[in-house]
Amino acid sequence: MSTEDITLETKRFSKNDSGFICENCGKEVPPLKYTSRNHCPSCLASLHLDINPGDRASDCHGIMDAVTAEPDAKKGFIITHKCRKCGALKRNKAASDDDRAKLIRLTAEHY
């Protein structure tokens, strides 16, 4: 993946910290309470809902799989998700309650 294929979603940010039921694994996901919840902390899957973070303006709504994770000294891990439906790639900061073993495995697979 080249960096021009992936956009780090830092543009217009709309806080949207709702809980949800993960469409990939079925687990109940609570709100984070400190920033917008983007993905399931258990399976790390997301939904292609946003154009800009939290705006819920995308028409795709496909499931986005976590395909890589990269350690970042300031942000923890950055997860790259790929949409099953349209192939879009999006990068998002990992949440504090994400499955660390899965993040480390995705990091190891990347390098």
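Residues 24 or more positions apart make up 41% of the contacts in the chain with a separation of 6 or more. The model in which these contacts were computed is a predicted one. The chain holds 1 helix and 7 strands. Read from the N terminus, the order of elements is β-β-β-β-β-β-β-α. Of the 111 residues, 41% count as buried. The exposed surface of the chain comes to about 6,600 Å². Carbon and sulfur atoms supply 51% of that area.

In soluble globular proteins, nonpolar side chains tend to be buried together. In this model, the largest nonpolar core has 8 residues. They are Leu-44, Ala-66, Ala-69, Phe-77, Ile-79, Ala-94, Leu-103 and Leu-106. Strands E5 and E6 and helix H1 each give two or more residues to this core. Another core, of 6 residues, lies apart from it. Cys-22, Val-29, Ala-45 and Ile-63 are among its members.

Leu-44, a member of the largest core, has contacts beyond its sequence neighbours within four places. Core residues Ala-66, Ile-79, Leu-103 and Leu-106 are among its partners. Leu-44 is also in contact with His-39, His-81, Asp-98, Asp-99 and Lys-102.

Ala-95 sits in the loop between strand E7 and helix H1, which spans residues 100-110. The relative accessible area of Ala-95 is 7%, under the 20% limit, so this residue counts as buried. Leaving out residues up to four places away in sequence, Ala-95 touches Leu-32, Tyr-34, Arg-37, His-39 and Arg-100. Gly-76 is 19 residues from Ala-95 in sequence. In space, the two are 8.6 Å apart, C-alpha to C-alpha.

His-39 is in contact with Leu-44 and with Ala-95. His-39 is also one of the residues nearest the centre of the largest pocket, along with Ser-36, Arg-37, Asn-38 and Asn-92. This pocket contains about 760 Å³ of space. Its lining consists of 40 residues. By class, 17 of these are nonpolar, 13 polar and 10 charged.

Several strands contribute to the pocket lining. Strands E2 (20-21), E4 (46-47), E5 (63-72), E6 (76-83) and E7 (89-93) each supply at least two residues. E7 gives the most, with 4 residues. E5 and E6 thus appear in two settings: both supply the lining of the largest pocket, and both give residues to the largest nonpolar core.

Methods
Residues numbered from 1 in each chain as written. Predicted model: local features only at pLDDT ≥ 70, side-chain atom pairs only at ≥ 80, totals over all residues. Heavy atoms only, no water. 1 Å grid on protein atoms, 1.4 Å probe; cavity = no way out; pocket = protein on both sides within 12 Å on 5 of 7 lines; lining within 4 Å. Points joined across faces, edges and corners; volume = space filled by probe spheres on them. Nonpolar A, V, L, I, M, F, W, Y, C, P; charged D, E, K, R; others polar. Buried < 20%, exposed > 50% of the residue type's maximum accessible area, 1.4 Å probe, protein only. Contact = heavy atoms within 4.5 Å. Core = buried A, V, L, I, M, F, W, Y, C linked by side-chain atoms within 4.5 Å. Areas by Shrake-Rupley, 256 points an atom, 1.4 Å probe, with all protein chains shown as cover.
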